[in-house]
Amino acid sequence: MNEINHKTVFVLDHTPYFGISCESPIDCDFIKSKVPVPPISKSLWTCAVEASVEYCRIAYDIFPTGKLIRFVVSDTAAHIVNTWNTNTQSLTHIMNAMSMVGVPPRQTQASDYSVIHGLRAAIEALAEPTDFQKEQLLAHAKSDSFKLVNRGRVICITSARDDASMKSLEDIFRTVLVQQNSISAGHKEYINIDQCHLVIINLYPANMESMVSNRALVDISPILKSEIHSNKANKISNKLTHLILPHFDLASTTVTGIPMKEEQNASSSANYDVEIFHGRTAHSVFLGTELVLPHSIKEGSDYETVTLKWCTPRSCGSSEMQPCLAQCRVTPVDVTSRPSSCLINFLLSGRSVLLEMPKKSGGKITSHLLSAHGGEIFIHSLNTARSCLEDPPSISEGGGGRVTDYRIKDFGVLMQQQRLVPLKPLPERQPDENLQKMRTRLSKSSRYWPLTNGRTVLYNVRQFVEPVLVLTQKQEISEEEKMLCLKTIYNLSQLEERQETLALPNMGHRLKGNKKEEQYRLLWSELETILNYSGSSPAHKAILNCIRDCRRMYPNADGSDPYEKSHTGDSAADALRASVIRATTDSPMSPPHSMGSAGGADSTLAAAGSGAVILATGSTTVGLLVGTRGTAVGGKKMFNTGARSLLDVLASTERANSQKRIDFSGRLCTPPGQIAKLYPHLGSKDADSGPGRSAEGK
């Protein structure tokens, strides 16, 4: 109720100038008379009164309470038409008062005709509290911190010569406003005006040109803002109809395709359009959805309207009720037209009309419903999305994918882990201390939490990493729990070493690839992300370093190192990295590297034979049981990945064969640099045996 549209004051210029014609003739025809009737023309005063009363009608129709409008007529003095009392807030009272005021007088010699008298009275009216404001002041009379915000709008319809006259009018209004606030400070019957919006409409006949230019809304002072509109008298109704939309946050809807019977020929029908005003909420609730509001500029006006198509009407029974997002009262723009009258009577008879609009993906959808309740007509914004009363979908209809793909059970576990128990307040306990701790814990737990199974690899193979996911959620990890996590990580590394495929369920994973290398890369990346957010204890850091070491053994898909910067550590960590490099680059047939002392080598062979591996993590040496494919040397673990290039295979095969057989004897006898001749004695043997064969032949 403290909005600026809670109070509106119309100041109508009643000076002799407004008694002239607007120069917009209206042709009249009399059915029973054959004598031509000359056209008639309205006066400036008639145009101003009709437009302001229509403004008032729209506001009263859509807002039965809470929006108050007063009228002040200004000539030689200010004449108050109505007050803030709700008994005088009706069109009947206003029209009766206007008929008593009458048309402006003819040109007289009096020089005290001015619209300034009305502007002074309008400012004084804004300083008077309404019934609602009086209730607020009475309810908070004992509160020193309460401050009533009093805001209002003044719409002045007058006529000025040029921009300088308008500027003088604004200066006078600002001065009177400051004076009124000074008077209100020491007067109990008035309240201070915190903000005022002045709208000045310059009116002139249709056959003239105005020297007053339009001006947008500007701030005149901290409590006053003003705008100027210059319009012909026959267009003042369209201007006030346009202004009422932002003044009361309204929107326009044009119902198109309404079938109506012709008045002259009842057997035929035609389609008509009816424009209605309502609250902007009926349209704004669809922002961000797939619906496209068909906006268009109304012909002959400056504002936009949304065109919705008429659908087959139906009765408004309980079985036809649909869930809606918003409902707003409506009022027709042209209340005297036959299509508007037919539509209003049709809805008041108990029928309802569905309105449809286009979709982005094509086709149409029913978006609004026109229906009457208790003698008032409302537009309902229907819920175009899925209703909560329907069964959940089983197909992909949104960003999350299938409903069965959501991690519903994991979310239930997350809620149980963050469950709170009320505690009895104690003097030594700070208020909300545990609540703040819980917020921090929840923030860490949910910082990385994929919503669906299709966006994660880790939670689909959690049977391999269950201890890591559960134990790392603690603030402190014991030595036994830390060793269990390390064992789990190295077992996972063994799976990757053996190139075993991860058994992912067929949930439509949205991953970059389905190769084993890509799956393991994403798995290590998720593990590292979770450990980064879990805790900062020494045990957490040790587990995180272990994951990073194992991840470094297998580069990214492009062959780059997962880490741009090298992680510095002690000699044990450096030795571990060196062993990893050898394990991933050497061939299985390569000779063993020198491992240091003979005692270290003996202990390594013994450990390899029994399947025991000594693992060095940081400065702590841990003994774990792993597969026989791993070997330990001097407290360092090495892996044989088996991932070799073609050159490695050929080189290792040639080296192995060279150790099994003696080299070709011809190559051994041939001097270096010469080519060995194959079968060197073959020609000499043929020459020796040739004559003998011929003699025997003879």
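**Exercise 1. Strand pairing**

In which sense do strand β14 (residues 351-358) and strand β15 (residues 364-373) pair, and over how many bridges?

*Solution.* The model is predicted: local features need pLDDT of at least 70, side-chain atom pairs count only at pLDDT 80 or more, and totals for chains, interfaces and linings use all residues. Residues are numbered from 1 along each chain as its sequence is written, and side-chain values use heavy atoms, with hydrogens and water left out.

Step 1. Strands (E, at least two residues) and helices (H or I, at least four) are DSSP runs numbered from the N terminus; two strands pair if DSSP finds at least two bridges between them.

Step 2. β14 and β15 pair in the antiparallel sense, over 6 bridges. In this pairing P358 stands opposite K364 of β15.

Step 3. β15 is also joined by 6 bridges to strand β16 (residues 376-382), again running antiparallel. Here H373 faces E376 of β16.

Step 4. A hairpin is formed by β15 and β16, with 2 residues between them. In its turn, G374 has a positive phi of about 60 degrees.

**Exercise 2. Positive phi outside glycine**

Describe where E23 and D249 lie, and state how exposed each one is.

*Solution.* Step 1. Most residues other than glycine have a negative phi. E23, however, has a positive phi near 60 degrees, and D249 has one of about 55 degrees.

Step 2. E23 is placed in the loop between β1 (7-13) and α1 (44-62). D249 is placed in the loop between α6 (236-247) and β8 (250-261).

Step 3. Buried means under 20% relative accessible area, exposed over 50%, and partly exposed in between (1.4 Å probe, protein chains only). With 40% relative accessibility, E23 is therefore partly exposed; D249, at 44%, is partly exposed as well.

**Exercise 3. The largest nonpolar core**

Identify the elements that supply the largest nonpolar core, and place this core relative to the domains.

*Solution.* Step 1. A nonpolar core is a set of buried Ala, Val, Leu, Ile, Met, Phe, Trp, Tyr and Cys residues joined through side-chain atoms within 4.5 Å. The largest has 40 residues, and F71, M98, I157 and L240 have the most contacts inside it.

Step 2. At least two residues of this core come from each of β1, α1, β2 (68-74), α2 (91-101), β4 (151-158), β5 (195-204) and α6. The most is given by α1, with 13 residues.

Step 3. Domain 1 (7-248) and domain 2 (251-382), whose bounds come from an automatic or database domain assignment, both give residues to this core, so it lies between them.

Step 4. Leaving aside neighbours within four places in sequence, L240 is in contact (heavy atoms within 4.5 Å) with F10, A51, S52, Y55, I155, I157 and I201.

**Exercise 4. Aromatic pairs**

Classify the ring pairs F277 with Y303 and W310 with F346.

*Solution.* Step 1. Rings of Phe, Tyr and Trp (its six-membered ring) pair if their centres lie within 6.5 Å; planes under 30 degrees apart count as stacked, over 60 as edge-to-face and the rest as tilted. The structure holds 8 such pairs.

Step 2. The ring centres of F277 and Y303 are 6.0 Å apart and their planes stand at 70 degrees, so this pair is edge-to-face. F277 is buried at 0% relative accessible area, and Y303 is buried at 4%.

Step 3. W310 and F346 form a tilted pair, with 5.8 Å centre to centre and 50 degrees between the planes. W310 belongs to strand β11 and F346 to helix α8 (residues 338-348), so the pair ties together parts 36 residues apart in sequence.
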